[in-house]
Amino acid sequence: MMVGSPGISTQYDKSKWLSLSPTDVTPARPKTQLGSAEDYDSDCSEYGQIPRTLSTSLLPELAGTIPLLEKFQVDSFIKLMQKQLQTGGKRGFFSRRSVTPQGRDKYTIEDMLCFQREPIPTSLLRINNDLVSRAVKLFQVILRYMGIDCGTNLSYQEQIELVMKLYKHTLSRAELRDEVFAQISKQTRNNPDRTYSVKAWELLYSCASAFPPGKDVAAYLLEYAHDVAHAQSVDPEIQSLALNTWNALKHTIKAGPRRTVPSLEEIESLLAGRKLTIIVFFLDETFEEVHYGMATSVADAVEELAGIIKLSMFNTFSLFECRKMLTGSKALDNGNEEYIALDDNRYIGDVLADFKSAKERNKGEILQYKLVFKKRLFRESDEAIT
């Protein structure tokens with residue numbers, strides 16, 4: 001694989017990569033295997049910064065990150081992290097991770113890409129300067145969610161609130177979404193503590209269920225999650241979370257990010273591994289319950305409903321938002337019903353959030369909102385007919 005410029009390549013045994021568990025302790029390596037801050041180009045005129053000394057000695061489980069290195073601010077991050085560790089009196093970072101008798105005293109690209117307990121001094125990726133301080137704070141949220149240096153165990157409610165905080169800061173910012181995925185995936189690699197590793201994968205799954213990364217990061221994460229999910233030596237709980245992450249990414253990459261911040265109920269059900277339910281009506285006022293999760297789209301709900309009622313040909317059916325004006329406790333005549341077709345890629349959670357906000361905006365009126373399953377007014381093949 002050639003990346004960035006001639007001479008930067010890697011060859012690795014894929015089977016060896018797949019056999020490594022995300023919870024394994026950082027493998028032994030000589031301190032000269034990978035470059036430190038002095039080994040990187042400091043010229044920022046080019047978009048990417050790729051280490052001059054990166055070679056076939058790169059750890060197999062990190063090889064997949066090579067195509068993404070141009071998105072990382074390698075030089076700046078390593079220098080700032082090195083300074084932070086030295087001035088902050090955290091020399092134990094090096095002695096703890098060193099495998100050579102004399103130890104080492106340089107922060108490397110491996111350290112940048114792998115789990116660490118210490119806060120970061122700047123963003124991992126090259127992002128807008130206005131977002132860097134926010135990126136640093138987001139990593140602190142990740143550390144706290146993982147239970148690192150918290151002092152006390154976080155309550156379930158506190159964990160949900162931390163996930164909500166990540167959502168609020170990243171849903172509307174594509175740059176921060178990629179940054180958060182880079183930060184969390186960093187915490188899953190060579191993580192020596194099973195509990196920390198599980199929490200990191202749990203958080204990766206939570207984010208993948210609410211928004212997708214950019215194209216390049218998405219390609220890497222899909223492969224990474226798939227490989228971990230199917231690796232034989234990986235902890236079963238982590239395998240399950242990796243598979244869930246892979247499936248969630250496929251949904252959000254297709255449908256895009258959530259339009260609204262997921263509710264506390266949605267986050268709680270996701271972390272608990274259960275589904276929520278909604279009522280979907282038919283035109284004769286009968287109804288069925290349909291399950292949904294944070295990444296469930298209208299198309300997903302239509303497919304499940306078609307399966308419940310044993311409708312094999314359902315491509316001309318969809319979900320509609322039905323609005324009806326009420327007077328007292330009775331509905332007005334059917335002429336006041338308004339049906340709005342929902343886009344197949346729209347998330348059920350967003351639809352319900354819109355229902356709630358619409359009711360709040362129209363407090364002076366009595367409105368009824370419900371989901372209705374019915375046939376579209378035309379076949380898809382009829383769209384060209386005028």
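**Reading the salt bridges and helix packing**

Modeller: Let's start with Glu202 and Lys199, whose side chains meet in a salt bridge, 2.8 Å from N to O. Keep in mind that this is a predicted model, where local features need pLDDT of at least 70, side-chain atom pairs count only at pLDDT 80 or more, and totals for chains, interfaces and linings use all residues. Residues are numbered from 1 along each chain as its sequence is written, and side-chain values use heavy atoms, with hydrogens and water left out.

Colleague: How do I read a salt bridge, and how many does the structure hold?

Modeller: Side chains of opposite charge can pair when their charged atoms come close. The cut-off is a side-chain nitrogen of Lys or Arg within 4 Å of a carboxyl oxygen of Asp or Glu. By that count the structure holds 12 salt bridges. One set forms a network, linking Arg194, Asp235 and Glu237.

Colleague: Back to the opening pair: where do Glu202 and Lys199 lie?

Modeller: Both are in helix 8, residues 194-208, and they sit 3 residues apart, about one turn of the helix. Helices here are DSSP runs of H or I with at least four residues, strands are E runs of at least two, and both are numbered from the N terminus. Glu202 and Lys199 are also both buried, meaning under 20% relative accessible area, with exposed over 50% and partly exposed in between (1.4 Å probe, protein chains only).

Colleague: What does Glu285 pair with?

Modeller: With Lys370, the closest N and O atoms being 3.0 Å apart. Glu285 is in the loop between strand 1 (276-281) and strand 2 (287-292) while Lys370 is in strand 6 (residues 367-375), so this salt bridge ties together parts 85 residues apart in sequence. The two ends sit in unlike surroundings: Glu285 is partly exposed at 43% relative accessible area, whereas Lys370 is buried at 8%.

Colleague: And which residue does Asp344 bridge to?

Modeller: To Arg376, with the closest N and O atoms 3.6 Å apart. This pair links distant parts of the chain, 32 residues apart: Asp344 is in the loop between strand 5 (338-341) and helix 13 (348-361), and Arg376 is in the segment after strand 6. Asp344 counts as partly exposed at 32% relative accessibility.

Colleague: Now helix packing. At what angle do helix 6 and helix 8 cross?

Modeller: Two packed helices are described by the angle between their axes and the distance between the axes. The axes of helix 6 and helix 8 come within 11 Å and cross at roughly 45 degrees. Axes are lines fitted to C-alpha atoms, for helices over the stretch in contact, with angles from 0 to 180 degrees between N-to-C directions. Helix 6 and helix 8 are therefore oblique; under 35 degrees is roughly parallel, over 145 roughly antiparallel, 65 to 115 roughly perpendicular, and the rest oblique. Our opening pair turns up again, since Lys199 and Glu202 are among the helix 8 residues that meet Gln159, Val163, Leu166 and Tyr167 of helix 6.

Colleague: What about helix 7 and helix 9: how are they placed?

Modeller: Helix 7 (residues 174-188) and helix 9 (residues 215-229) pack at about 30 degrees, with axes 11 Å apart, and are therefore roughly parallel. Asp178, Phe181, Ser185 and Thr188 of helix 7 make the contact (heavy atoms within 4.5 Å) with Val217, Leu221 and Tyr224 of helix 9.
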